[in-house]
Amino acid sequence: MKRHRTLNAAFSLLELLVVIAIMAIIAGAGVVALGGAGGRSPQGAASIASSVFNLARTEAIMRGTDTLVLVDTTYDSAKPDNFLRRMTVTDTTGKLLTRWTTLPSGAYFNQSLSAAGTTNFSGNPQLPGTCAYFKFKSNGQIDNPAAARFIVSPGSVTGGTFQEIGTNKRYGFKIHKMGKLTFFEDPASITSP
């Protein structure tokens, strides 16, 4: 009698996380590519930002280390388009783990309504001086989930000062303990901390 061996065809956790990370990158690229179809709105910008948050959480779990979503809050007159519009993922030392992602023109990170920490990476040429940050722990949990939220507003910047245009057009999301994002349904549900 001949015996047949059965192989378990299953994915490891690491393989699954790699696939999720690749899907997040592709989804983010798709949103950027479709930027003309709603990408300029705060809702489209929040969607782009959500892919950065998902990638940061995945990187934290895969690497087994804390990661940060950084938002450029340093005004540089030589690069004014970066101010409140540029995001990346780093480890806690400031080492870049992803490329910079820029929100569509006219959509800005609303620092006064968002609930983020502030850090300074002066001396690191790849990072601006001051950044707003959201921290994911190595287990994928967001640090300070009671207050973590990311808000985008339409507006403009003049000389390093953000001027919001239309408070009824804000959009964003809350980041829950395990990294799940819940988008705000309307601007009226977004209140200051």
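Me: Is D72 buried or exposed in this model?

Reply: In this predicted model, D72 counts as buried, because its relative accessibility is 2% and buried means under 20%.

Me: Which residue forms a salt bridge with D72?

Reply: Here is the general idea to start from. Side chains of opposite charge can pair when their charged atoms come close. In this structure, the partner of D72 is R86, and their closest N and O atoms are 3.3 Å apart. The pair links distant parts of the chain: D72 belongs to strand β1 (residues 67–72) and R86 to strand β2 (residues 86–91), 14 residues apart. R86 is buried too, since its relative accessible area is 15%.

Me: How many salt bridges does the structure hold?

Reply: There are five salt bridges in the structure. Among them is the one between R170 and E164, where the closest N and O atoms are 2.7 Å apart. R170 counts as buried, with 16% relative accessibility.

Me: What about K137: which residue is its salt-bridge partner?

Reply: K137 pairs with D143, and the closest N and O atoms lie 4.0 Å apart. A salt bridge here asks for a distance within 4 Å. As for the surroundings, K137 is partly exposed at 32% relative accessibility, and D143 is partly exposed with a relative accessible area of 32%.

Me: Let's turn to the sheet. In what order do the strands of the open sheet run?

Reply: The general idea is short. Strands of a sheet pair through backbone hydrogen bonds, either parallel or antiparallel. In this case, five strands form an open sheet in the order β3-β2-β1-β6-β5, and the pairing is antiparallel. The edge strands, β3 (101–102) and β5 (117–120), each pair on one side only.

Me: How many bridges join β1 and β6?

Reply: Six bridges join β1 to strand β6 (residues 130–136), in the antiparallel sense. To follow one of the contacts on your screen, pick T67: its bridge partner in β6 is F136.

Me: And on the surface, which residues make the nonpolar patch of about 360 Å²?

Reply: That patch is made by L14, V18, I22 and I26. Take V18 as an example: its place is in helix α1 (residues 13–33).

Me: Why can V18 be part of a patch when it is only partly exposed?

Reply: Patches take residues with over 30% relative accessible area, and V18 has 33%, so V18 passes that cut-off. V18 is still called partly exposed because exposed means over 50%.

Terms used
Residues numbered from 1 in each chain as written. Predicted model: local features only at pLDDT ≥ 70, side-chain atom pairs only at ≥ 80, totals over all residues. Heavy atoms only, no water. Patch = residues over 30% accessible without salt bridge, like charges linked within 9 Å, V, L, I, M, F, W, Y side chains within 5 Å. Areas by Shrake-Rupley, 256 points an atom, 1.4 Å probe, with all protein chains shown as cover. Salt bridge = Lys/Arg side-chain N within 4 Å of Asp/Glu carboxyl O. Helix = DSSP H or I, 4+ residues; strand = E, 2+ residues; numbered from the N terminus. Buried < 20%, exposed > 50% of the residue type's maximum accessible area, 1.4 Å probe, protein only. Pairing = 2+ DSSP bridges.
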